[in-house]
Amino acid sequence: MPRRLVIVESPTKAKTIQKYLGEGFVVEATVGHIRDLPRKASQVPEEHKENQVVTGITNDFEAIYILDEDKKSTISEIRKQLKTADELYLATDADREGEAISWHILQVLKPKKSIPVKRLRLGQITKSALEKAIAEPEELDTLLVEAQEARRLVDRLYGFPVSSLLWRKIAQGLSAGRVQTVAIRLLVDREKERLVFISAVFWDLDAVFRTGAGDTFETKLLDIGGNAIAQSKDFGDNGKLKKESADRKILTSDEAHSLRDRFSSSSFKVSSLEEKPYTRKPPVPFITSGLQQEASNRLGYSPSRTMRAANALFQKGFITYVRTDNYVLAAEALQAIEDLISSRFGASEHAPRNFGTLSEKAGGEHEPIRPADFVDPQDVAGKVGDDEGRLYELIWKRTVATQMKPATGRTVIVEVEEEHDDGARYQARGTVIDDPGFLRVDPAGTKETILPPVAIGDKVDISDLNPEEHSTQPIGRYTEAGLIKEMEKRGIGRPSTYAAIIERIQQAAYTFRKNKALVPTWTAFAVVRLMEEHFAHFVEYTFTKKMEDDLDEIARGVKSRQEYLRNFWSGNGETGLSGLIEAGMKSIDPAQICRFPMPFANGDPWKFRDQEVVLRVGRYGPYLEAGEIRGNIPEELCPDELDEKKMDEILQAGARKDEPLGHCSATGKPIFIKSGRFGPYIQRGDSDSDEKPEFASLLKDMEPESVTVDVAIQLLQLKEGRVCGTTTEGQKIRVCNGRYGLYIKADKETRSLEEGDDPFTVDEERCRVLLAQPKKRGRAAARPPIQVFENVIELDGATIEIKDGRFGPYATDGETNATLTRDQDPEKISSSQAANRILEKRERDAKKGKKKTKKKTTKKKAKKKTTKKKAKKKTTKKKTTKKSE
């Protein structure tokens, strides 16, 4: 029997494939890419160091690849297996990145010509799909590899030099990217819309009517005497009525309350009754971006969380390939869905359809994301983690729903009129679903509003009148799902990159989350301004779409990769990126780019103590400036929440930090309360003096406004340790404010103060009681876990506890502790999320462990070499002595 070696990227995928293929096949995993461009100049081979456009790219726009240090042992194992193999199958993902990984494997392994190399492209990991792929293997697509390499080199040509420019002109640690920076621009442009928005105030007067039978129904006021009443949709962003709504009446508070009094004694009757057919079409199957949006809206998953769970489901063989923009289902899938619908809901519920017209511009050959074998969600839930189970159910329901009948019913519109010369008109709308159709499989979001039976001319009575004030609201910020939808609509990036891009801009200093919305920081404003003023072409919304089209042309052999890269970097009849960067380094003024007069939009310039106020983006974040006074802007203050009142509050605090609270009674030095990156703190002594000032933190929940000179002195004493008595052995007992809270100390013994203990007044007797208690090993040990998850599938049945530790909440399985991210609520985190944090921590620890081992090995080798050299020298000396004798 021939021995066949199959190479994939993922260990989970390797296990699944090995299970299906069985004897005669050996499946190995590369765990992602094995080679990449060097990250540092020091990693570049000597022969290329003088011949580079940017790190890792030669002057001829060829890539310089180096083997990932962490993959050397993996490659050694694959080489060992290759020595005894008769055939080599490359079964990496069937997309640009997967094709490139296969190419890199061949470049590194260099298999003998006697070993046939075959490419397997798998849209799903099932036994039948594997058997078909092995029976009909393909060749490696080198043009697709060229397109991937062009994409990788463009990312490096854009990312490295533009990021370097941002470091010099705005702040260190910033990054730029061809998709990332355009996505940031979307967020900033949306925030600008909110900043220029002017709210309008209007009133309405909703009514609840009661029929003769005692049934009630809610209505909206449409008009009075034929004059339509203005609603939110009638106002523009300038706070005024839109041109097409100029004749509508804006109700005031007085008018609304006056009408309430009038309507309370008026007579009303049903004047109109209309019934229209209602139809709701089934949804389309999931492509990558659609799945990310729906998982965000329905399950609350971030795009990266969705893709983690989806990849796990694919690698375990439960769903088809997860990176796709094609809506067309395969014939066998359509047949499987038809059988499933017929058996569960009846053959009459099946309504076949495919979505070819939606897929005319699809960039891949994969099907939409669907269940591989349509295993029941309840059966899958017992074999996978919580995140994966819920996501599979979402995919299963959506796929089945696409092939079912539309939901049909009736929309009923009832109008009620006031019996008055200048009568008011109210309207109610109700929906009744007669045939649920596809809603049988996925009824989420379905809401019926059933109106009571009425006839034209029926008298109805007022049951309730509710005058209510409303303010128009600015356009909402993008959520993660909304940003993906907008990027998809504009053709920015590809679905496979959305999760990574959104994760990256949240990790950088560009955005933070407020509820579900992504809020751009002032640093993002400065970066977008710099790019728009000096690199306008590269942040146009059409730029990345055009580039994806160019990459597709490279993949089809229509365009040359090197020519494309040369034009991108050096320009073709116009200035390329290199020329713009060179000019920007000379001409961009950091002070101007990072300066925003306040207010950002609308109104006269803000002033503080007769000085105009400006906002500046500094190395450590944004701050307000008025003359010599500066005040730090809180990290998570939304740009549109920075109003004149908040400005005054920030600058008042900034002014206070330069004015002492008073002077220390013991030293005579001035005492200040200042605001830093990590909050307010006390300073004793002047920063300009030769003597170094002393600092002390405020206690938890202590407001800066409540701090007096006496309190400040007490806080400074706590830092040094306030002596409050002695132990029975005569050792001094000190009360201290440390990194982890308040505690007492006597020689080497320490105990935390308990709730209710006042650090300023706690006495010797109380401290002796605390010192007599057994020492508690850490805060977490004394507290019960926040959550406990038992039999976690992702960790092979282990138990995970969510605890509160010194550095914040963390997940632990007893062996690995992993801190939760800032946006993960310890009380709401799922078992799958907790497991993923632990697995990620294990990966990081494994890499660190390898590096440490390598360093130690290197030192040992160096010692051996030195010893050998010394031994050689001694031998040489002995020989010389003998000759001379």
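## Report on a predicted protein chain

In this predicted model, an open sheet of 4 strands has the order 32-33-34-35, and its pairing is antiparallel. Strand 32 (787–792) and strand 35 (817–819) are the edge strands, each pairing on one side only. On average, neighbouring strands of this sheet are turned by 25° against each other, direction ignored. Such angles run from 0 to 180 degrees between N-to-C directions, with axes taken as lines fitted to C-alpha atoms. Strands (E, at least two residues) and helices (H or I, at least four) are DSSP runs, numbered from the N terminus, and two strands pair if DSSP finds at least two bridges between them. Strand 32 and strand 33 (residues 798–805) pair over 4 bridges in the antiparallel sense; Val792 stands opposite Ala798 in strand 33.

Residues are numbered from 1 along each chain as its sequence is written. Local features need pLDDT of at least 70 and side-chain atom pairs count only at pLDDT 80 or more, while totals for chains, interfaces and linings use all residues; side-chain values use heavy atoms, with hydrogens and water left out.

The protein chain as a whole comes to 24 helices and 35 strands. Its C-alpha trace spans about 135 × 90 × 70 Å along its principal axes. Of its 885 residues, 46% are buried, where buried means under 20% relative accessible area, exposed over 50%, and partly exposed in between (1.4 Å probe, protein chains only). Contacts (heavy atoms within 4.5 Å) between residues at least 6 apart in sequence join residues at least 24 apart in 66% of cases.

A second example of strand pairing is a hairpin. Strand 16 (residues 511–514) and strand 17 run antiparallel and are joined by 4 bridges, with 2 residues between them in the hairpin. Thr511 stands opposite Pro520 in strand 17. In a regular strand the side chains alternate between the two faces of the sheet. In strand 17 (residues 517–520), Ala517 and Val519 point one way, Leu518 and Pro520 point the other way, and all are buried.

Helix 3 (residues 96–109) has 14 residues and reaches 20 Å from its first C-alpha to its last, close to the 20 Å expected at 1.5 Å a residue; the expected span is 1.5 Å times one less than the number of residues. The helix is mostly covered, as 11 of its 14 residues are buried, including Ile101, Leu106 and Val108.

Most residues other than glycine have a negative phi, and most peptide bonds are trans. The table lists residues with a positive phi.

| Residue | Phi | Place |
|---|---|---|
| Lys110 | near 45° | loop between helix 3 and strand 8 (117–119) |
| Arg609 | about 55° | loop between strand 19 and strand 20 (611–612) |
| Asn515 | about 55° | turn between strand 16 and strand 17 |

Lys110 is exposed, with a relative accessible area of 63%, whereas Arg609 is partly exposed at 47%. A cis peptide bond, with omega about 5°, joins Met598 and Pro599. Pro599 lies in the loop between strand 18 (595–597) and strand 19 (607–608).

The structure holds 0 disulfides, a disulfide being a pair of cysteine sulfur atoms within 2.5 Å. For Cys664, the nearest cysteine sulfur is that of Cys736, 18 Å away; Cys664 counts as buried at 4% relative accessibility. For Cys724, the nearest cysteine sulfur is that of Cys767, 3.4 Å away, and Cys724 is buried with a relative accessible area of 13%.
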